[in-house]
Every structure is written in C-alpha cells, then in structure tokens.
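Let's take a walk through this one together. Have the sequence and the coordinates open, and we'll go from a pair of cysteines to a pair of helices.

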Amino acid sequence: MKLIELAGSGERLSVLCIGAHSDDIEIGAGATVLGWIEHGVRLDVHWAVLSASGLRAGEALASAKAFLAGAAQSVIEVAEFKDGFFPYQGAEIKIWFEGLKRRVSPDVILCHSRNDAHQDHREVSMLTWNTFRDHMILEYEIPKWDGDLGQPNIFIPASKVLIERKATLLREHFGTQRSKDWFDAQTFLGLARLRGAECRAPDGFAEAFHMRKLVLQ
C-alpha cells in the first residue's frame, strides 16, 4: 500500500490538537505527535484541552509540554468546562470554539471520534466539525470500559520505542488516573499493537484514526 506523508523532515506542519479532558490527546494521538517531531517535521502545534482544573490542569500543562518538547512552536490552552456536562454547556462551548477558529488555521486537526461513547467526546467532535468545515480532521480513539472501539480507516505507524515512551509519559504525568483499571501500559501498547497489525506497520505498532473526508490531488 502506498504511504501518504503529510509532511517530511524539515517541512512545516500546523496541527490543532483538541481534547475534552486532560489526557485525551495523549492517549489518542500521543505517539503520532511524538513521531512527527522525531522525524524532523517542524510542528506548529495549538494544543487545546477543554476540561481541566486544579490538579488536572497542572497535569495537562506538564504532559503537553513533555509531548511537545522539540516542536517548532507550541501554544497550550486549558479551559475549565465541567467534566461530564458538555452537552448541557453547548452554547458556552460553541462560543469557545468560535474564538478558537479566529486564533488558528491548521493544516490538520486531531480530535475525538463522533462515535465515542463519552458524551463530552462526542460534543467536542461535533463542534470541531461544525467549526472547522474546510480542514483535514483525524478523529482519534480512546479505549474505555464502554467498549466503543470501531473500525478506523487511517493508520499512522509508530515505533515500539515511541509507543512505550507515550505510555511512560502518560503514567508519569497523570497520577490522578493511575487508579483506573484500564489506564496502564498494557492497554496502550495492546491497542497500538492491534492497529499495527491491521496496517502492517514496519515495527508492528500504530495509532489509528477515523477520517470522514479526504481530498487528493
């Protein structure tokens, strides 16, 4: 299968990463971001977390800085919408998205899947598509108890080293989440190994995304 490269070494790539909660971007697309940086892509990243306050806000900022170390430019933005109540805060979050649209114009957007079982994740996905109508959007997946993983159609291979680094950074920076029975390296490596098998990744690992629309020339 012919590989499509969004940007090569030395080339610029503007990326908007959107997550409902403080660890979502890292879980869904952390190895992809780390891989772009490792491969020499000059990343210009706007990293936006919608729900993080107190200790969780501190975790979000520290983790984002660790994942974005080596990026050409980065802006980290953390809001404080109420966790679990996004569908009931739709007007306020919509206003926030309209402001975000005036601040960024990315080449690619990483956000939640529209079929995610978490109501906050679905709201973020809907508003991302509603706000950014002329952009490439890759919807990442979040493993969880609900068992909502689907059939992604975009795969970005990652080395085992990068996947292990992703898992290590998640454990280091999100102490509030370590008590969750699914939040461990086995989950993250296991899903990445499965997605790697599905796309025959060279090192056996990958992150996967859902894409609704792609224009090729």
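A residue counts as buried when its relative accessible area is under 20%, and as exposed when that figure is over 50%. Keep in mind that this is a predicted model. With that cut-off in hand, Cys 111 is an easy call: its relative accessibility is 0%, so it is buried. Cys 17 also sits at 0% relative accessible area and is therefore buried.

So are there any disulfides here, and how many? Searching the whole structure turns up zero. For Cys 17, the closest cysteine sulfur belongs to Cys 111, and at 10 Å it is too far away for a bond. A pair would have to come within 2.5 Å to count. Seen from the other side, Cys 111 is in no disulfide either, with the sulfur of Cys 17 as its nearest cysteine sulfur.

Now for the helices. The axes of α1 (residues 24–38) and α5 (residues 160–173) come within 9 Å and cross at roughly 125°, which means α1 is oblique to α5. Their crossing is right-handed. On the α1 side, the contact involves Glu 26, Ile 27, Gly 30, Ala 31, Leu 34, Gly 35 and Glu 38, while α5 brings Leu 162, Ile 163, Arg 165, Lys 166, Leu 169 and Leu 170. Sorted by type, these contact residues come out as seven nonpolar, two polar and four charged.

Last stop: Leu 55, which belongs to helix α2 (residues 55–67). Is Leu 55 buried or exposed? Its relative accessibility is 62%, so it counts as exposed. The C-alpha atoms of Leu 55 and Phe 174 are 9.5 Å apart, with the two residues 119 apart along the chain.

Definitions and conventions
Residues are numbered from 1 along each chain as its sequence is written. This is a predicted model: local features need pLDDT of at least 70, side-chain atom pairs count only at pLDDT 80 or more; totals for chains, interfaces and linings use all residues. Side-chain values use heavy atoms; hydrogens and water are left out. Axes are lines fitted to C-alpha atoms, for helices over the stretch in contact, and angles run from 0 to 180 degrees between N-to-C directions. Helices (H or I, at least four residues) and strands (E, at least two) are DSSP runs, numbered from the N terminus. Angles under 35 degrees count as roughly parallel, over 145 as roughly antiparallel, 65 to 115 as roughly perpendicular and the rest as oblique. A crossing is left-handed if the near helix is turned anticlockwise from the far one by less than a right angle, and right-handed if clockwise. Contact means heavy atoms within 4.5 Å. Ala, Val, Leu, Ile, Met, Phe, Trp, Tyr, Cys and Pro count as nonpolar, Asp, Glu, Lys and Arg as charged, and the others, Gly among them, as polar. Buried means under 20% relative accessible area, exposed over 50%, partly exposed in between (1.4 Å probe, protein chains only).
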